[in-house]
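User: I would like to go through this model with you and ask, for each term you use, what it rests on.
Analyst: Gladly; please put the questions one by one.

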Amino acid sequence: MSELVPGGNTPLPGGTLTLRVPGPFDVSALVTDDGGKVGGDDDFVFYNQPTAPGARLHGDTLTVDPAGLRPGATRVTLVVSAADPGTALGGLPAPTLHVTGPGGRPLARFTPPRPQRETVLLLAELYRRGADWKLRALGQGYADGLAGLARDFGVDVADDGSSAAAGSASASLATPSRWSGAASRLSGAASRLSEAAASRRSRPTGNPPPAGTAGSVPPTAASAAGAWPGSGSVATAGPAEGFLTLANSARAAAGSPPVALDARLCAAARAHAAAMASAGRLGTESQDGTSVHQRVTATGYTYLTVGEHLVSGPRTPEEFVDYCLRTEQARRTLHDPAFTQVGLAYVTGSRTGDTYWTALWARPLMPGDLARTAAEVTELTNRERTRAGLPPLATDALLTRAAQAHSTDMVVRAFYSHTGPDGSQPWDRAAAAGSTRRTIGENIACGQRSAAEVVEGWMNSPGHRANILKREFTHIGIGFAGGGKAGTYWTQLFGA
């Protein structure tokens, strides 16, 4: 079974799939095409309309037969909201998705970082690639309930009274198509949730950071039986070079450069593996709310990009590396040529006897990396505009200052929103930086490991894509900062 992190994906077998989210949640789903738009009334599955071609909702469980979906459907997005009207998801346990295949075989599990003020969460999506189907973990949130989500998916619902300023400066909504029959049903569902002024999506699709690290404490294959640590202690048997040799051999076979051990990454890996062993479960975030990415920066390591492998079960470095090579997302991390350093640790829990591994891969932030990465995001953004027949955006120093400040603020104050803890909005931050541009738009994202991943994620999201391809925008500023709960936090700030 695959343990997914935000942005991670796993292939799916043929046949009917079962997606269950236990707990105090309402489950719903949207069936869309490659453009991310619904095609009609039957494309929205929720408690008042529990069936659609190829999909059926029963309580907390959605069953999907990809072969039975309506013609043209290439994506099924799973949505969760609080069952208690008006409750923010941050006041509930983080929802956990359990996916099983034909015969009840467990396929994947995903628990996103705990939401904050969001009232609706895009938890995961099934999507078609060629003739096959895959599952991608999302964890994308909306603060204004089902109405904001619906507009992004092309649903026409009644205006909620948001100000024109908020509409122009938050993540732009895709132009809705007329969805007559289901609109009233959706409005009824949306009324069960509190509405905020601006719609936002907390995590666009993409591949957030998985990774593996070679630490200072992995055992070797020669470790004797009984040498595994008990009582939750960190293993110290064998040199780290055993893992490093295996990892670099696999990277060389893939044409990637070798990585070197880093003591700070090893320390962060050791702390996170111990936290998982104590809790008795895998997770990017421990019981005290500390994420694996925050542990990295707590050691003084500032990264340009980071990724992790969080695994339980392997008994030796050989088994650990073998697992990583057999799993698509984990193999991609192990082979990623962007990483230059690694740290690894494992801890065996005293209660369960299970061994928890944390491998952290990273590339340190060097002088010039901020400007270079921002320029790459701008270049990729302008490439998408050129494809759409639009003029390129010019870099604006004041928008860049505001975008960088917002990314840094989200990391430092541990929030993720277009609205700052002080109530500031994107246009407020642009003005504070000295910008006099009259129209402001903003995209944010977190967890993506590179400029290419974050731009791809924004382009796969209707609202974010609308900002990128908005003809009226003429200038752009980019900011990004690492070290938050979800890794790297990205901001695109547009102006006209």
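**Sheets, helices and a pocket**

Analyst: In this predicted model, helix α7 (residues 317–326) lies across β15, β16 (341–348) and β17, and its direction makes about 110° with that of β15.

User: What makes β14, β15, β16 and β17 an open sheet, and which strands stand at its edges?
Analyst: Two strands count as paired if at least two bridges are found between them, and the four strands follow the order β14-β16-β17-β15 with mixed pairing. β14 (260–261) and β15 each have a single partner strand, so one side of each is left without a neighbour in the sheet, and these two are therefore the edges.

User: How do you know that β15 and β17 are paired, and in which sense do they run?
Analyst: The requirement is at least two bridges, and nine join β15 to β17 (residues 355–364), with the two strands running antiparallel. As one example of a bridge, His309 has Ala359 in β17 as its partner.

User: What is the strand order in the sheet that contains β18, and why are β18 and β19 called edges?
Analyst: That open sheet has four strands in the order β18-β20-β21-β19, again with mixed pairing. β18 (394–395) and β19 (440–446) each pair with a single strand, which means that one side of each has no neighbour in the sheet. Between β19 and β21 (residues 487–495) there are seven bridges in the antiparallel sense, against a requirement of at least two, and Ala445 stands opposite Trp490 in β21.

User: Which strands does helix α12 touch, and what makes that a contact?
Analyst: Contact means heavy atoms within 4.5 Å, and helix α12 (residues 451–459) packs on the sheet by touching β19 and β21, its direction making about 60° with that of β21. Helix α9 (residues 369–387) lies across β18, β20 (475–484) and β21, and runs at about 130° to β20.

User: Why is the largest pocket said to lie between domain 1 and domain 2?
Analyst: Domain 1 (2–153) and domain 2 (239–364) both give residues to its lining, so the pocket lies between them. A lining residue needs an atom within 4 Å of a pocket point; 32 residues line the largest pocket, and Leu4, Thr111, Leu282, Gly283 and Thr284 lie nearest its centre. The volume of this pocket is about 660 Å³.

User: Which element gives the most to that lining, and how do its residues divide by character?
Analyst: β15 gives the most, with four residues, while β1 (2–4), β2 (9–11), β11 (106–110) and α8 (328–335) are among the elements that each supply at least two. The lining divides into 13 nonpolar, 13 polar and six charged residues, where Gly counts as polar.

Terms used:
Residues are numbered from 1 along each chain as its sequence is written. This is a predicted model: local features need pLDDT of at least 70, side-chain atom pairs count only at pLDDT 80 or more; totals for chains, interfaces and linings use all residues. Side-chain values use heavy atoms; hydrogens and water are left out. On a 1 Å grid over the protein atoms alone, a cavity is a set of points where a 1.4 Å probe fits but cannot get out, and a pocket is an open set with protein on both sides within 12 Å along at least five of seven lines; lining residues have an atom within 4 Å of a point. Grid points are joined across faces, edges and corners, and a volume is the space filled by probe spheres set on the points. Domain bounds come from an automatic or database domain assignment. Axes are lines fitted to C-alpha atoms, for helices over the stretch in contact, and angles run from 0 to 180 degrees between N-to-C directions.
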